[in-house]
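Q: Please take a close look at one part of this structure with me, and go step by step. I would also like to see how that part sits beside the rest of the chain.

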Amino acid sequence: MGKIAPGSVSADYQATTRRLPGNYQTTIRTTLHTPINYQVFPSLPKLSPLVMHIMTVELDGCEAFLPATLCPAIMLFARGGGVVVQADQAELVAERFFLRGPFMEPMHVRYKPRTLALSVCFRPGMLQQAMGINVAGIAGNVLPFHELVSAKRVQAFLQALDDIQDISAIVALFQEFLLEVLDHKPRSSMGAAFLAAHKKIFFPLLELSDYFGIGQRQLERRVRENFGVTLRDVRRIVRFGFSLPHIIRPDVAWGDLTQIAQDTGYYDQAHMHREYVELAGIPPAQLRQKISARDPAYWIYLMPDDDFNKLFLLID
C-alpha cells in the first residue's frame, strides 16, 4: 500500500463545508478557547453501499457528550486520542483504531490536545457482509482493528498515516485501506428494507411481521442480526431520531414538548424525558439549554441537518 501525497485526493472527494446555526460555520469555540472543526467526506462509490459519509473532527483538549447510536462504526485517531469517562468517573483509554458496536447508552469522551479523529458508520446489516462480524456480538463493545484484520496491514497503514498532515489526504488513505479490507461486493440487506419501511416501525409486532411476510420470532431475530439490538431498542432510537429535530428547533417553547412527545411516538412527555436521559444522558429541556448556549461539549447537536443525516441518520 503506497502513501498518498497531500493534495492528491480527487476533487470528487473533497470535503464539504457547512454552516452551523447562528454565526457558527465548521468551527465552534470551546470553553478552553480551542476550535472544534469538522469536515464531511462522501465515501467512495464502492464503499457507499456499506458505509455512510466519513467525518473528520479536530478536538483540542475538549470533551463531548455523545448520544446512543444504532450504527456500528469504524473509529480512528489520526493523531491525539481520547478517554471514555465512565459512570463512576473512571477513565478508559480509547484504542487508536477500533470498531465500535451499537451503544444504547450515552458516552462522555475527553480528548487529548491536537486530536484529529475519523469516523464512519456502517449502513444497516452491512457489517456482516463487510467484515463477517455479527453486529449483535459487538453491541456495547469496541474491538481493536488489529484484531479484526491483518495486524501487519494495520501497522503499515498507521505508519503511512503518521507521515501525512493534510486532512483530505488522510481521508483518501483511510478509504484506500477500507477498500482493501472490506468486502464491498453488492448485496441486499434486510436492515435497509426494514428502515425503508420506518413509518410502520411502531406497528404492533403481528402487523409488522405480516408486512414483511415472516413470523414474529423470525422478525425479532432478523432485527437483532441487522442492528445488534432488539426491536424495542430500535424503536427507542427511531423515536429519539424523530423527535430530536423538533426538540432543537430554536422556536420551540417549553409548552411544546408535550405535543412533540405525542407526535413522535412517545406515550407522553414523561416517557420522552426518561428515554432522553437514557439515550442522550440529559432531559430534552436541558438539552435545549445546552444547544441554545452553544455548549461545545454538545457540538454534535449543532450540526446542520444535511451533515447529520449523511453521517448518522439511518432513515429519511
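**From a sheet to a helix pair**

A: Let's start with a sheet: in this predicted model, four strands line up in the order S4-S9-S6-S7 to make an open sheet, and their pairing is antiparallel. At the edges lie strand S4 (63-66) and strand S7 (91-93), each of which pairs on one side only. If you compare neighbouring strands in this sheet, they are turned against each other by 30° on average, ignoring direction. Now zoom in on one pair: strand S6 (residues 82-85) joins S7 through three bridges in the antiparallel sense. Here you can find Val85 opposite Glu91 of S7.

Before we move on, here is the wider setting. The protein chain has eleven helices and eleven strands. It has 316 residues, and 48% of them count as buried. Among contacts between residues at least 6 apart in sequence, 73% join residues at least 24 apart. The accessible surface comes to about 15000 Å², and carbon and sulfur atoms account for 51% of it.

Next, our close look turns to two helices. Helix H2 (residues 151-162) packs with H3 at an angle of about 170°, and their axes are 10 Å apart. An angle over 145 degrees counts as roughly antiparallel, and therefore H2 and H3 are roughly antiparallel to each other. Which residues in H2 and H3 meet? From H2 come Arg153, Val154, Phe157, Ala160 and Leu161, while H3 brings Ile170, Leu173, Phe174, Phe177, Glu180 and Val181. Sorted by kind, the residues of this contact are nine nonpolar, no polar and two charged.

Let's finish with one residue from that list, Val181. You will find Val181 in helix H3, which covers residues 167-181. Is Val181 buried or exposed? Its relative accessible area is 13%, and the cut-off for buried is under 20%, so Val181 is buried. Leaving out residues up to four places away in sequence, Val181 touches Ala130, Phe145, Val149 and Arg153. You have already met Arg153, one of the H2 residues in the contact with H3. Val149 is worth a look too: Val181 and Val149 are 32 residues apart along the chain, yet 7.1 Å separates their C-alpha atoms.

Terms used:
Residues are numbered from 1 along each chain as its sequence is written. This is a predicted model: local features need pLDDT of at least 70, side-chain atom pairs count only at pLDDT 80 or more; totals for chains, interfaces and linings use all residues. Side-chain values use heavy atoms; hydrogens and water are left out. Buried means under 20% relative accessible area, exposed over 50%, partly exposed in between (1.4 Å probe, protein chains only). Contact means heavy atoms within 4.5 Å. Accessible areas come from the Shrake-Rupley method with a 1.4 Å probe; for residues, only the protein chains shown count as cover. Axes are lines fitted to C-alpha atoms, for helices over the stretch in contact, and angles run from 0 to 180 degrees between N-to-C directions. Angles under 35 degrees count as roughly parallel, over 145 as roughly antiparallel, 65 to 115 as roughly perpendicular and the rest as oblique. Ala, Val, Leu, Ile, Met, Phe, Trp, Tyr, Cys and Pro count as nonpolar, Asp, Glu, Lys and Arg as charged, and the others, Gly among them, as polar. Two strands pair if DSSP finds at least two bridges between them.
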